[in-house]
Each structure stands twice: as C-alpha cells, then as structure tokens.
Amino acid sequence: MLYVVIGGSAGSFPVVTGLLASLDKNFPFPMFLCLHRLKNVRTGFVEALRLKSVLPVSEPYDREPVLRGHVYLAPANYHMYVTKSETISLSTEEVVNHSRPSIDITFSSAARSFGSKCVGILLSGANKDGALGMKAIKEAGGTAIVQSPDECQVRTMTTAAIKAADVDYILTGAQIISYLQKLKE
Amino acid sequence: MEELFNISENGFRKITSTVRTAGSLDLIHFEPVLLCHRIERFMQLHGYASPEMLVEKMVRDKSFADFFIEGMRVPTTEMFRDPQMWVELEKNVFPKFKYESVVKIWVPDICGDDELNSILIILERNNLLQKSMVYATCGFERGIEDAKFSQTDLKKMEISKENYRNVFGDNGSLEDYFTKRDKVFVFSHQLSEKAIFLKHNLMTEAPPDMGFNLILFRNRALFYSMQARKNCIEKLYQSLIGGGYFIIGIGETLRGLEQTTSFVPNSKTENIFKKI
C-alpha cells in the first residue's frame, strides 16, 4: 500500500490535470492533493479536476475515511492532515507559509502517518511551502519527487524543496505521470 | 518554522499525561494528530527544545500548565468566515425569529472573538440584537476577557472586510463597528456589552441555559476526539429548542453521530441544521 501526496501552487494546475487524466480507474492508492487556492472560492476547483479524472475526486469532510483509488482535494481555507488510522482531519489553524491549506502540513502528516509508504510530489509554485514537508517525507523513509524547476511556471517552490531535502527524483511533468503509472506495478 | 512533527510519540505521551495531572483541562478530549502539531508549535513559539523541558516547567508551575492548554486551542480565523453561510442565515433563518419575543443564541467554546463579533453585527443589522440573548462561553478566563475587549489587527481586518463585503455588498462597512487605536481596531463596546460572557467548560459542565434558538459551533469540534465531539454535540442538541438551528463548519459533518437523524439540513452547502 502506498499513499501519494501532491502539493502545488501557481502553475501546478495543468500538471495535476494531466496527471489525473493519465491514470486509469484501477489506480490502487489514495491520492491527496494540497493545492493553494482562493479561500472564498469553494466551487469550481474540484469540479474542474473531476472533468479530467477517471478516479473519484472530492473535498473530504473532517474525519472522512480514506479509500483506495480516491483523490482528495484539500478544501479551501482548511489545512488537511492525513492520519495513521487512514482518516482525514481538517483544521483551521494559523496559516503556514501564508497558506491554508498548507502543503507542509499535509506532507508532514503523511510522512508521520505512513513513513516509507508515502510518496510526495511537489509541483510548481510561488512560495516555499512544501519544502519542509518534503524533508519530513525523506526523513521518514518515503519517496520525495520534485517537478523539474526548469519546467515549472514558477520555480520558487521546487527550488526551495530541492535545497531543503535530499529529494529522490527531479522529474518533468511527463516523467511524474509515467512514474505514477508504474507505481501500481 | 524549523520542523513539523518532530516530537516522538513518547514525548507526546509524556506531555499529555503531565497535563492530565497539572492542568485544569484534560488533553484527552483533543484530536491527537492536531494536538501533536499544536504542541510542536507551542514549543517553537516559547523556546522549548524538548518535551522533557516542557514537562518540567508544567510540573513546577501549574499556571503554566493552564497557559499551555490555552495554547493548544485554535483561534477562529476571521470574521464572517464562509460568507455564504451568513447570507443564508440572514435570508433563511432570521425571518423565523421575527415573531419570537426573545431569541436565545449560544456561541460555545469561543476562542478568539470573530464568530461572536460576526453574530452581534449581523443581529444588529437585522434589528434583532435588542431582543437577543447571546451567550458567549469559554473554559478560560482569559478567553472571556479577550472576547469582551475584542481587538483586531490590520491583517485580520482586511480579510474580514472582504468577507463582510461578500455578505452585505457595499451596504456599510465592517469598520463602522470598530474604533481604530494605533495599529488595532477595537470592537464596538455597545455591541459587545449585549453578549452574556460566561466561563464554561463545554466538556464537563451542563449548558449555561436551555431553549436556544440558534447555536453556532463552527470548526470547534475539529480539534476534539470523536468521543468528546459526540458528548459536546449531544449537550448542544439537548440545549436547543425544537426547530432551533445548529451550525457547524463547512468542512464538518454530523455523519456518524446519534443526533444526525434528529437534525434536518436547512442548508446543505452551508451546514445549517434544524432540530426536529
């Protein structure tokens, strides 16, 4: 069993939709998306992702049980934690890196809960959120993947993660898709 | 922030078992994953390098243990959070209060003043404040004092102003309810004095009154364990009148709770429920 956590901000949307469009309905692992978003815009985002995905995509409610092959999008203005008991906890705690949801929080909670079974993927973005989360995933024995900064629309986030953590792979969007497709094998 | 989640499970257990004996509120009621993050944040903010240092300080100083527990609680984020909920409240709930002689409202477990200030303002705007009894309760004396003498910084004011505009359009300004002093905005005393402030432990005490028409309990239960959440909601449910309204956060659910069948959704998207 693996747990895939993906973080992104400015410029990450095309990669996320490309990735969701490329996975087949038998993808066996849960996927957690923590994408920076406007706090008062609650509709449209998850619907846009659903259009591209054959996997079910939803914004979880607090303490929602995690299902295999399901994609969970962190709701606007909430932090999203994943827990050892395979549930999702939401929180209205202070912003982290000017962000709520914060990628650091989702990644770090996944690292703590799932250790080596955690695969973290960090995409394009304009601040340093996710760098400490990537470090936590690596230190917990998980796999840390960063989108190549050269390919990112905004490279701040991925560059910070590469600096903070000894990441396993620096890949293009297409290579990340390929990596995920091969995961189930 | 240097790290997230770097305290061990052993360190976590040491802290929670110490608080059980030294503090006035048992951390057993808190959701462990979120609590772990709160503890770590507290340690960073106050310069404790290890759980042992924190435990030692709490054992020596009981008032510090209470200070620590206060730090575990999460303040509300902003005034008029999730603006559409307030629109629904004004449009679909307040008209039902028109013929009530008294409207009893409870904002339990306040942490910060945002939710209280928001309800006071919207009641005032709808000419309901005069006949309303708004209970604001908190288990900590300091929490009560902070809410009584509410101040908002510029950053939160800007966020809240945007929410306010989303609720009321250009009809008035949030700043009308505040007085600016240096770098802070002080909430209208005329409004805050309409609230009934009480020290009240939601976990252990009976409701401060019964027969509430409306209870605002948004995003407070996120931080409680499932058992504590069930107990709280049962207590809140019992204190509502039949036909009373119960509001939880957008990201919350009543699924899996006994009261689920006794509440009907009044607004599914905004999580406004009605007791049947």
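Which residues in helix 1 of chain A meet which residues in helix 6 of chain A? View 1 gives the answer.

The model is predicted: local features need pLDDT of at least 70, side-chain atom pairs count only at pLDDT 80 or more, and totals for chains, interfaces and linings use all residues. Residues are numbered from 1 along each chain as its sequence is written, chains are lettered from A and ligands numbered from 1 in the order in which they are written, and side-chain values use heavy atoms, with hydrogens and water left out.

**View 1. Helix 1 against helix 6 in chain A.** A:Val15, A:Gly18, A:Leu19 and A:Ser22 of helix 1 meet A:Gly173, A:Ile176, A:Ile177, A:Leu180 and A:Gln181 of helix 6. Contact means heavy atoms within 4.5 Å. By class, this contact has five nonpolar, four polar and no charged residues. Ala, Val, Leu, Ile, Met, Phe, Trp, Tyr, Cys and Pro count as nonpolar; Asp, Glu, Lys and Arg as charged; the others, Gly among them, as polar. Helix 1 spans residues 13-22 and helix 6 residues 173-183; they pack at about 35 degrees, with axes 10 Å apart. Axes are lines fitted to C-alpha atoms, for helices over the stretch in contact, and angles run from 0 to 180 degrees between N-to-C directions. Helices (H or I, at least four residues) and strands (E, at least two) are DSSP runs, numbered from the N terminus. The crossing of helix 1 and helix 6 of chain A is right-handed. A crossing is right-handed if the near helix is turned clockwise from the far one by less than a right angle, and left-handed if anticlockwise.

**View 2. Helix 6 of chain B with helix 5 and helix 8.** Helix 5 (residues 83-93) and helix 6 (residues 114-125) of chain B cross at roughly 35 degrees, and their axes come within 12 Å. This crossing of helix 5 and helix 6 is right-handed. B:Trp86, B:Leu89 and B:Glu90 of helix 5 meet B:Glu115, B:Ser118, B:Ile119 and B:Ile122 of helix 6. The class count there is four nonpolar, one polar and two charged residues. Helix 8 of chain B (residues 154-168) packs on helix 6 at an angle of about 35 degrees, with axes 13 Å apart. Helix 6 passes helix 8 in a right-handed crossing. B:Asp114, B:Ile121, B:Ile122 and B:Arg125 of helix 6 make the contact with B:Lys156, B:Tyr164 and B:Phe168 of helix 8. These residues divide into four nonpolar, no polar and three charged.

**View 3. The two domains of chain B.** Domain 1 covers 9-72 and domain 2 covers 83-275; the bounds come from an automatic or database domain assignment. Their C-alpha centres lie 28 Å apart. Ten residues of domain 1 are in contact with ten of domain 2. The area buried between the domains is about 900 Å², with 65% from carbon and sulfur atoms. Buried area is the accessible area (1.4 Å probe) that two parts lose on being put together, summed over both. The count between the domains is one salt bridge. A salt bridge is a side-chain nitrogen of Lys or Arg within 4 Å of a carboxyl oxygen of Asp or Glu. B:Glu70 and B:Arg142 meet in a salt bridge at 3.6 Å, N to O.

**View 4. The interface of chain A and chain B.** Here 28 residues of chain A are in contact with 43 residues of chain B. The chains bury about 2900 Å² between them, 49% of it on carbon and sulfur atoms. In chain A, A:Arg42, A:Arg63 and A:Arg112 lose the most area to chain B, together 23% of what that side buries. Eight salt bridges are counted between the chains. A:Glu93 forms a salt bridge with B:Arg38, with the closest N and O atoms 3.2 Å apart.

**View 5. A salt bridge between two loops of chain A.** The side chains of A:Arg68 and A:Glu86 meet at 3.1 Å, N to O. A:Arg68 lies in the loop between strand 4 (64-65) and strand 5 (71-73), and A:Glu86 in the loop between strand 6 (79-82) and strand 7, so the pair ties together parts 18 residues apart in sequence. Over all chains, the count comes to 28 salt bridges.

**View 6. Backbone details in two loops.** Most residues other than glycine have a negative phi, and most peptide bonds are trans. A cis peptide bond joins A:Arg100 and A:Pro101, with omega about 15 degrees. A:Pro101 is in the loop between strand 7 (87-91) and helix 3 (103-114) of chain A. B:Asn219 is not a glycine, yet has a positive phi of about 60 degrees. B:Asn219 lies in the loop between strand 7 (212-216) and helix 10 (226-239) of chain B.
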